[in-house]
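Work through the exercises below with the sequence and the 3D view open. Each task is followed by a solution in steps.

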Amino acid sequence: MPILRPDVLAVILGMAAVTYLCRAGGYVVLRALRPPRFVEAMLRHLPGPLFVAYVAPALAAQDLAAWAGAAAVVGVQAATRNLAAAIAAGVAVIALVRGGF
């Protein structure tokens, strides 16, 4: 079994500390200072655009089956507000279009 080198361990622990400090720093700042209303509104609406920023490039590189699956996910999610059903519908559509069923 290979042993973890000290320099690799130091880098991993350093990255963990920086990640923790970045996250904890945000909580400390927002606890001490009340952000303006526009910042609160922006933070409330931020998850949607971040999700689109992650998904759009990956989806752009996919085939028609993936686009059909994405459309099914959006449609089922909009109709039912059930994330599990939306994911299941997307997977099923991709499998059907690609001939997996």
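**Exercise 1. Place R81 in the predicted model, and decide whether R81 is buried or exposed.**

Solution.
- Step 1: R81 sits in the loop that joins α4 and α5.
- Step 2: The relative accessible area of R81 is 68%. The cut-off for exposed is over 50%, so R81 is exposed.
- Step 3: Check the backbone as well. R81 has a phi near 60 degrees, which is positive although the residue is not a glycine.

**Exercise 2. Describe helix α5 and what lies at each end.**

Solution.
- Step 1: Helix α5 covers residues 83-97, which is 15 residues.
- Step 2: From first C-alpha to last, α5 reaches 21 Å, close to the 21 Å expected at 1.5 Å a residue.
- Step 3: At the N-terminal end, N82 acts as the cap of α5, with a side-chain oxygen 3.1 Å from the backbone nitrogen of A84.
- Step 4: Just after α5 comes G99, with a positive phi of about 85 degrees.

**Exercise 3. Which residues of α5 are buried, and what does their cover include?**

Solution.
- Step 1: The buried residues in α5 include A86, A89, G90 and A95.
- Step 2: Consider the helix geometry. With 3.6 residues a turn, residues three or four places apart in an α-helix point the same way.
- Step 3: The cover over the buried residues of α5 includes α4, residues 64-80.

**Exercise 4. Compare two residues of α4, W67 and G75, by accessibility and by distance to a residue 15 places further on.**

Solution.
- Step 1: W67 belongs to helix α4, and so does G75.
- Step 2: Partly exposed runs between the 20% and 50% cut-offs. W67, at 45% relative accessibility, therefore counts as partly exposed. G75, at 38%, also counts as partly exposed.
- Step 3: From W67 to N82, 15 residues apart in sequence, the C-alpha distance is 20 Å.
- Step 4: From G75 to G90, also 15 residues apart along the chain, the C-alpha distance is 9.5 Å.
- Step 5: Outside its neighbours within four places in sequence, W67 is in contact with L59, A60 and Q62.

**Exercise 5. Characterise the largest pocket: its volume, its lining and the elements that supply the lining.**

Solution.
- Step 1: The largest pocket holds about 490 Å³ of space.
- Step 2: Its lining consists of 17 residues, and F51, V55, A70, V73 and V74 lie nearest the centre.
- Step 3: Two or more lining residues come from each of α3 (47-60), α4 and α5.
- Step 4: The biggest share is that of α4, which gives seven residues.
- Step 5: By type, the lining has 14 nonpolar residues, three polar and no charged.

Notes:
Residues are numbered from 1 along each chain as its sequence is written. This is a predicted model: local features need pLDDT of at least 70, side-chain atom pairs count only at pLDDT 80 or more; totals for chains, interfaces and linings use all residues. Side-chain values use heavy atoms; hydrogens and water are left out. Helices (H or I, at least four residues) and strands (E, at least two) are DSSP runs, numbered from the N terminus. The expected span of a helix is 1.5 Å times one less than its number of residues. Buried means under 20% relative accessible area, exposed over 50%, partly exposed in between (1.4 Å probe, protein chains only). Contact means heavy atoms within 4.5 Å. A polar contact is a pair of N or O atoms within 3.5 Å; within protein, one must be able to donate a hydrogen and the other to accept it, and residues adjacent in sequence count only if both atoms are side-chain atoms. On a 1 Å grid over the protein atoms alone, a cavity is a set of points where a 1.4 Å probe fits but cannot get out, and a pocket is an open set with protein on both sides within 12 Å along at least five of seven lines; lining residues have an atom within 4 Å of a point. Grid points are joined across faces, edges and corners, and a volume is the space filled by probe spheres set on the points. Ala, Val, Leu, Ile, Met, Phe, Trp, Tyr, Cys and Pro count as nonpolar, Asp, Glu, Lys and Arg as charged, and the others, Gly among them, as polar.
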